Amino acid sequence: MGDSVEKEGVSAASSMFSDEELNEISGSKRGLDYIEVTCGCTSHRYGDAVGRLRVFINGDLEISCECTSGCQEDKLTPAAFEKHSGRETARKWKSNVWVIKKGSKVPLFKTVLLKYYEQALKETNKSSLRSQKGRPCHRDEFVRCTKCNKSRRFHLTSKEECRIHHDASVDANWKCSDLPFDNISCEDDEERASRRVYRGCSRSQTCSGCTTCVCFGCDLCRFSDCDCQTCTDFTRNAKP
């Protein structure tokens, strides 16, 4: 809503963002432990898919899709909502999922709404790094583009980087243009084979895979919101 923020009682959400920060964002509403706003994602083929984004104080992001009156998709992650909308250049949800601010569509990464998500992400990365003492680290991995057939390097030093690699590795149609941050196209040269042997192992620079640099599953590289068999098995078997 443009001029006021609808409130549902005094709650933890009251301290998340100021009224000034939310007044310009359409559909702003405070729940018990979340902020809710109108959001959307645009597909060149299908048009706008609109939903309701909930931002929780613990950093979780959930979207209830309202693309059609009969849509039953609820509690979607932004990445899942982006895919559900039919967005052609998926896997860039921070740029592709938008809110309405002052009457214009504004990408999430240009708003204050990712503040708690980013804080939770940093804490997860710090916790994972602390817990990795004596445990395997994550060496660099490569994924081959289905369009140009060139291998592209992925660094796995944070949970976000691990997620980008994970999604690329399970995407049967992954292309260079799907990389969300690096400006790499199919026209760029492939990394030389002599360079690809250096993958970040702390034990040996040219290690081809050992117990130090190969991880078989941890909180950094497995994801509870992913329905692939690897993540599902890890989440199911992980100790509480």
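This note goes through the predicted model from the whole chain to its cores, one helix and one pocket.

1. Because the model is predicted, local features need pLDDT of at least 70 and side-chain atom pairs count only at pLDDT 80 or more, while totals for chains, interfaces and linings use all residues. Residues are numbered from 1 along each chain as its sequence is written, and side-chain values use heavy atoms, with hydrogens and water left out.

2. The protein chain holds seven helices and nine strands, which are DSSP runs numbered from the N terminus (H or I over at least four residues for helices, E over at least two for strands). Of its 240 residues, 42% are buried, meaning under 20% relative accessible area with a 1.4 Å probe and protein chains only. The accessible surface is about 13800 Å², with 47% of it belonging to carbon and sulfur atoms; such areas come from the Shrake-Rupley method with a 1.4 Å probe.

3. The largest nonpolar core (a set of buried Ala, Val, Leu, Ile, Met, Phe, Trp, Tyr and Cys residues joined through side-chain atoms within 4.5 Å) has 26 residues, among which Phe17, Leu53, Phe81, Leu108 and Leu113 touch the most other members. Strand β3 (34-43) is among the elements that each supply at least two residues, and β3 gives the most, with four. A second, separate core of 19 residues includes Cys145, Leu179, Cys215 and Cys228.

4. Leaving aside residues up to four places away in sequence, Leu113 touches Phe17, Leu22, Ile25, Val37, Leu53, Val55, Leu61, Val99 and Leu108, where a contact means heavy atoms within 4.5 Å.

5. Nine of the eleven residues of α5 are buried, so this helix is largely enclosed by the rest of the structure. His166 lies in α5 and is buried, at a relative accessible area of 9%; beyond residues up to four places away in sequence, His166 touches Phe223, Cys226, Cys228 and Cys231.

6. The second largest pocket encloses about 260 Å³ of space, and of its 16 lining residues Glu141, Leu156, His165, Cys215 and Arg222 are the closest to its centre. A pocket here is an open set of points on a 1 Å grid over the protein atoms alone, where a 1.4 Å probe fits, with protein on both sides within 12 Å along at least five of seven lines, and lining residues have an atom within 4 Å of a point. Helix α5 (residues 159-169) gives the largest share of the lining, four residues. The lining divides into eight nonpolar, five polar and three charged residues.

How values were computed. Points joined across faces, edges and corners; volume = space filled by probe spheres on them. Nonpolar A, V, L, I, M, F, W, Y, C, P; charged D, E, K, R; others polar. Buried < 20%, exposed > 50% of the residue type's maximum accessible area, 1.4 Å probe, protein only.
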